[in-house]
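These are my notebook entries on one structure, kept in the order in which I looked things up. I began with a single strand pairing and worked outwards from there.

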Amino acid sequence: MANKRGRNEPCWCGSGKKYKRCHLNREKDDATSPWEAEKQMRKSFSVKTCSAPKRWHSECSGQIVQAHTVPKSLSLRAIARENHVYGYELSFSKLNKYNGKVPPELIGVNRASTFTGFCGVHDSKIFAPVETRKFESSKEQCFLLAYRALAREIFTKNASASLSDVRKSTDRGKSQAEQFDIQAMALMFDIGTAAGQKDNARHLAEMDACLENGRYDGVRSYIIQFDGPPPVMCSGAFFPQETIHGKKLQDLSDVTAEADLITLTSFYDGESGFVVFTWLEGSDGTCCDFVESLSLIPDEDISNALVRLMFEYFENVFIAPDWWESLSEDQQRALNSRMWGLVDRLKMGKESGSIQPDGIDFPQWKLVKRELVCG
């Protein structure tokens, strides 16, 4: 295909450049430096912005902070050992070093779960009800957990989108067949990311309206309470494709459809551990079925399902060192495989894989209660 293309014709990759200025003799170019790619990645994921509603930006302090997505510093400290937790650092250099199979490593709690997504004024003002009060399962508190989770998801999606040219440049020095594969993968990623950005923007607009008006009537939550800190903590938003039992909910391959969104936050409030799922009434069609499938799981199996879900859907999971190191090699391998599978799916622009039982169980978390808050 490439060999038959004229030098002055548009390049086959869709860049808009002439073939001679793009992929002609690309296989002879020097390979993209992983260190340069890492530099660009760090730059993209260090962009400073305030995710508060735009109408509130006149109040911004001007100083962007390292906002924790897992609420309360005591959450991560409760599961840390010497102020460190396990996490996955999915940087270009680590992905290159481990060929995509990055193992978890110890990360300081001051760095874990942070992103530069809020100014100091709004990080304190907006999230005070979940940072300064005991968690009481109020609609406002559940909403704020969801708001921060979505803000982080949007921040991450935007950073990933800005790295499109970096991903496409990794075909330098590769054979023509490899170039085609890399460009096709980059295209799929861009399409999936753009669709996610569109849906995230729609959900953010709905959440901004709730926050600005102080009205949380349309907030729904499913709250699972444990008697101690969850040994796996994370905060994120996702578009569930299937129930825990494998029933299809929505087709994310149809980028023209509007996808329903749900958030998850696991944390510790100093007395109890919580895993909170939250969504808005506009996503009832998908999320009610998803949560119903969770509610049908026996109490003794619920923590297994949650662990599978967190490792399957989120890359920003943080793990108690004592819990992780107590797992067998088979248990660790099963969770690592889910994380590595997530990395592969992200490369292809896909959102999630299966969360059905796989025969691997983990140490149980002691359940206190489950509660549905809606209506």
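Entry 1. I opened this predicted model at T263 and looked up its bridge partner in β9, which turned out to be T278. The pairing belongs to a longer run, since I found that strand β8 (residues 262-268) and strand β9 (residues 273-280) are antiparallel and joined by six bridges.

Entry 2. Next I asked which sheet holds these two strands, and in what order its strands lie. I found an open sheet of five strands, paired in antiparallel fashion and ordered β7-β8-β9-β5-β11. I noted β7 (235-238) and β11 (367-373) as the edge strands, each of them pairing on one side only. For the turn between neighbouring strands of this sheet I noted an average of 15°, with direction ignored.

Entry 3. I then looked for what packs on the sheet and found helix α8 (residues 284-295), which touches β5 (219-226), β7, β8, β9 and β11. I also noted that the direction of α8 makes about 155° with that of β9.

Entry 4. I moved on to D171, which I located in the loop that lies between α6 (164-169) and α7 (176-213). Is D171 buried or exposed? Its relative accessible area is 0%, and because the cut-off for buried is under 20%, I recorded D171 as buried. I looked up what its side chain meets and found a polar contact with the side chain of R26, at 2.6 Å. With neighbours within four places in sequence left aside, the residues in contact with D171 are H23, R26, Q179, I182 and Q183.

Entry 5. I checked the length of helix α5 (residues 139-161), whose 23 residues should span 33 Å at 1.5 Å a residue. Its end C-alpha atoms are 32 Å apart, so the expected and computed spans agree. I added that α5 is mostly covered, with 19 of its 23 residues buried.

Entry 6. Last, I turned to the protein chain as a whole, in which I counted 11 helices and 11 strands. A compact globule of 375 residues would have a radius of gyration near 21 Å, and the chain has 21 Å, so the two agree. Along the principal axes, its C-alpha atoms fill a box of roughly 65 × 50 × 40 Å. I noted that 51% of the 375 residues count as buried. Among contacts between residues at least 6 apart in sequence, I found that 76% join residues at least 24 apart.

Definitions and conventions: Residues are numbered from 1 along each chain as its sequence is written. This is a predicted model: local features need pLDDT of at least 70, side-chain atom pairs count only at pLDDT 80 or more; totals for chains, interfaces and linings use all residues. Side-chain values use heavy atoms; hydrogens and water are left out. Two strands pair if DSSP finds at least two bridges between them. Helices (H or I, at least four residues) and strands (E, at least two) are DSSP runs, numbered from the N terminus. Axes are lines fitted to C-alpha atoms, for helices over the stretch in contact, and angles run from 0 to 180 degrees between N-to-C directions. Contact means heavy atoms within 4.5 Å. Buried means under 20% relative accessible area, exposed over 50%, partly exposed in between (1.4 Å probe, protein chains only). A polar contact is a pair of N or O atoms within 3.5 Å; within protein, one must be able to donate a hydrogen and the other to accept it, and residues adjacent in sequence count only if both atoms are side-chain atoms. The expected span of a helix is 1.5 Å times one less than its number of residues. The radius of gyration is taken over C-alpha atoms; the globule rule is 2.2 Å times the number of residues to the power 0.38.
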